[in-house]
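Hi everyone, thanks for coming. Let me walk you through the protein on the screen, beginning with how far to trust it and then moving on to the fold.

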Amino acid sequence: MNFVMPRSTYTRLHRRVPVAARNRAERSQHPVFELIEELRREAKRSEYLSYSEIGPFRSGGAVHGIARFVFTGPDLAEEPVRIGIFAAIHGDEPETAYAALEFLRRLLKEPERARGYEIYVYPVCNPTGIEDGTRHSRSGVDLNREFWQGSKQPEVYYLERELGVLLFQGVIALHADDTTPGVYAYVRGATLTEALARPALEAAEAFLPRAAGSVIDGFPAQDALIHHHCFDGVLSNPAELHPAPFELIFETPQEHPVELQVAAAVAALDRILEEYRPFLAFGQNL
Ligand SMILES: [Zn+2]
């Protein structure tokens, strides 16, 4: 039995803000939010996809929420395999949000590929950063350095709650990096993560080069994989989980066209679903 106590000290708003009062007009300024709305409408007609919003929280005089799609694959077992995909925790990386949404659109066309999975997708983890086109949230904080450290940031509070309650067997964070000319990944958590990361990078290589060199993003790397190193406070599972979930941070080179970054990230995500499936047959005792 896993027991996880989120350590955030964020206090939620006491009064719920009616949906009508939210500033939808402002949110729709970035095309990402229009795509979310489109997919949300499709979700209403789909037996596999559902939409909800986590939050709400207030920032800069407006009320925000974090979009959450859940894709429930066919033939779900009693205890489904839950995967969490998190994009745009940095607001200046909208490519990752496009990739997350495209991944879902393709699953809608071929739901079979999600057989056995319950996939949670958070296309915009930093909504105010996306609106402002900034890495940081409107509070001026790099949210991806705040996790599991008693953060007062509402986005972190709500995402930590998802991670703490849903206990994902796998967490994938999507990023776009403007300092590295190729795709690469941080490998964390379960030892099998590497067995997923290698084919994921191969799949991505159909669209973009792999990052070269023995140092990437300031960390020692091999074959475009970074092991045992990462920044403190990145979005991740709570540390106490047993067995350890797989955790992958997948980065696309931001200097390349958005379409190619989207194609590379979607190919990597598809490949992870394929590669992880055989492990499911052996249960979670990995
Ligand atoms: Zn990033």
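One term before we start: pLDDT is the predictor's confidence in each residue, on a scale from 0 to 100. We need that term since this is a predicted model. So where is the confidence lowest, and where is it highest? The lowest is in helix α1, residues 24–27, with a mean of 49, and the highest is in helix α3, residues 94–109, at 98. The protein as a whole averages a pLDDT of 88, and 88% of the residues score at least 70. Please look at the beginning of the chain, too. Residues 1–7 have a pLDDT below 50, and that stretch has 10 contacts in the model beyond near neighbours in sequence. Residues 13–22 also stay under 50, with eight contacts beyond four places in sequence.

Now, the sheet. It is open and has eight strands, in the order β1-β2-β4-β3-β5-β10-β6-β9, with mixed pairing. At the edges you'll find β1 (49–59) and β9 (225–227), each pairing on one side only. Neighbouring strands are turned by 20° against each other on average, ignoring direction. Let's zoom in on β1 and β2. These two run antiparallel and are joined by nine bridges, with β2 covering residues 62–72. If you want one pair to click on, S59 has A62 of β2 as its bridge partner.

Two helices pack on this sheet. Helix α5, residues 154–166, touches β1, β2, β3 and β4, and its direction makes about 140° with that of β1. Helix α6, residues 193–204, touches β6, β9 and β10, and its direction makes about 165° with that of β6.

Back to α3, which has a helix partner. Helix α2, residues 31–45, packs with α3 at an angle of about 20°, their axes 10 Å apart. Angles under 35 degrees count as roughly parallel, so α2 is roughly parallel to α3. Their crossing is left-handed. On the α2 side, the contact includes V32, L35 and I36, while on the α3 side, Y98, L101 and R105 are among the residues taking part.

Last stop: D132, in helix α4, residues 127–132. Why does D132 count as partly exposed? Because it has 17 other C-beta atoms within 10 Å, and a buried residue would need 20 or more, an exposed one 12 or fewer. Leaving out residues up to four places away in sequence, D132 touches G91 and R138. G91 is 41 residues from D132 in sequence, yet their C-alpha atoms are 7.4 Å apart.

Thanks, and I'm happy to take questions!

Terms used. Residues numbered from 1 in each chain as written. Predicted model: local features only at pLDDT ≥ 70, side-chain atom pairs only at ≥ 80, totals over all residues. Pairing = 2+ DSSP bridges. Helix = DSSP H or I, 4+ residues; strand = E, 2+ residues; numbered from the N terminus. Axes fitted to C-alpha atoms, helices over the stretch in contact; angles between N-to-C directions. Contact = placed C-beta atoms within 7 Å. Parallel < 35°, antiparallel > 145°, perpendicular 65-115°, else oblique. Left-handed = near helix turned anticlockwise from the far one by under 90°.
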